Amino acid sequence: MNFKKISATLLAAAMLAGCSAGSTADKAASAEVNKNIDTLKMQFVPSRNVDDLTSAVSPLGDMLKDAMKDEGYTIGNVEISVSADYNAAGEALASGAAQVAWLPGGTYAQYSDECDVVLTATRNALSNDSENPADWNGDANATKRVTDQDVTYYKGLIYAGPSEKGKKLAAKVNAGEKLTWDELNDCTWAVQQSVTSSSGYIYPEMWLMDNYDGKTYKDLAHVTQINGYQGAFEQAAAEGVDIIVCYADGRQDYEKQWTSDWGRTDSIWNECNVIGVTQNIYNDTVSITKADKDIYNDEFKKAFQNAMIKVAGTDEGKKIISIYSHNGYKPATDADYDGARQALALISK
């Protein structure tokens, strides 16, 4: 008797039985996925004026419900809220108080053990992508969005406002001269309250570290934290702070308010000068909680990806997501944000 042949035959049969059992188990698991969700709680971060943001995203609920229905999901209600700050949105995902949240890359990296990225935003490219700060300044260099080109990254900028100290910094940079640490340390800086904000906190601090022998915000004599970019630009216009940090197209968002609401007589491009340019920052995420089994599964992820991409492709959807300067979305993986994790690790030392 050929025992080797019998053993091989039995092994093959066992493997087939195992595959069959596994396939059945997979089908059973798939069948157990709940596709009737009573309430989907979505949260946005306040990188824009909260009232404007709430108004802009309010139609998203019904649009998403319709798109998810096409994916086989029935959602009874969509609750939309705006978090107190970026970290609060991360905490909401971690606890399951929110099931979906729009998070900057740095915030996602901070909370990626408790949530999972499903989409990354695409943005219109900018007419300027220079690493030289002087190239960004003045009306002649006013930044414009390039509507026929999408990118998955953006730059953070360090801006000097129209205060006397800010003007001195800008004049030196525009003349091609390097700023000294003492000059920066003599100024009042405004950074975002959310320490996981990519362009409002993390990457500008990395710029300091890269250019000034590892020095951080803690080494600066005068740092204030502000919640939201509008407040930062408003403080700069009032000459209450000398330096602010923001994403590269921030001046576009507040160009009109600079003169109409905040009392400036010259343009924001002439008065709010770039003095530093950060590394490229990977775009914002749409992330889901790991705390809710109805959400954290492959079926929901795929359905949500398809639905949001579909919504973002409509005229009304584009209008909604433009509040964040998003142009669309594409599927994302956790590995896309390894760079953001590295940045967090670097500045936490």
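**Figure 1. Burial of C246 in the predicted model.** In this predicted model, C246 has a relative accessible area of 0% and is buried. A search of the whole structure finds 0 disulfides. C246 is in no disulfide, and the nearest cysteine sulfur, which belongs to C272, lies 8.9 Å away. Because a disulfide requires two cysteine sulfur atoms within 2.5 Å, the 8.9 Å to the sulfur of C272 does not qualify. C115 also has a relative accessibility of 0% and therefore counts as buried.

**Figure 2. Strand β9 and its enclosure.** Strand β9 comprises residues 243-247. Of its 5 residues, 5 are buried, so the strand is largely enclosed by the rest of the structure. One of the residues in this view is C246, buried at a relative accessible area of 0%.

**Figure 3. Pairing of β9 with β6 and β7.** Strand β6, residues 153-160, runs antiparallel to β9, and 5 bridges join the two. One of the residues taking part is A160, whose bridge partner in β9 is I243. Strand β7, residues 189-192, pairs with β9 in the parallel sense over 2 bridges. W189 has I243 as its bridge partner in β9. I243 is thus the β9 bridge partner of A160 and of W189.

**Figure 4. Surroundings of T143 in the loop between β4 and β5.** T143 is found in the loop between β4 (115-126) and β5 (145-151). Is T143 buried or exposed? Its relative accessibility is 3%, and because buried means under 20%, T143 counts as buried. Leaving aside residues up to four places away in sequence, T143 touches L126, S127 and W136, together with R251, Q252 and W269. Of these contacts, L126 falls within the range 115-126 given for β4.

**Figure 5. Crossing of helices α8 and α15.** Two packed helices are described by the angle between their axes and the distance between the axes. The axes of helix α8 (residues 198-211) and helix α15 (residues 338-347) come within 10 Å and cross at roughly 60 degrees. That angle makes α8 oblique to α15. The crossing in which α8 passes α15 is left-handed.

**Figure 6. Residues in contact between α8 and α15.** On the α8 side, the residues that meet α15 are I202, Y203, E205, M206 and M209. On the α15 side they are G339, A340, A343, L344, L346 and I347. These contacts accompany the left-handed passage of α8 past α15, with the helix axes within 10 Å.

Conventions. Residues numbered from 1 in each chain as written. Predicted model: local features only at pLDDT ≥ 70, side-chain atom pairs only at ≥ 80, totals over all residues. Heavy atoms only, no water. Buried < 20%, exposed > 50% of the residue type's maximum accessible area, 1.4 Å probe, protein only. Helix = DSSP H or I, 4+ residues; strand = E, 2+ residues; numbered from the N terminus. Pairing = 2+ DSSP bridges. Contact = heavy atoms within 4.5 Å. Axes fitted to C-alpha atoms, helices over the stretch in contact; angles between N-to-C directions. Parallel < 35°, antiparallel > 145°, perpendicular 65-115°, else oblique. Left-handed = near helix turned anticlockwise from the far one by under 90°.
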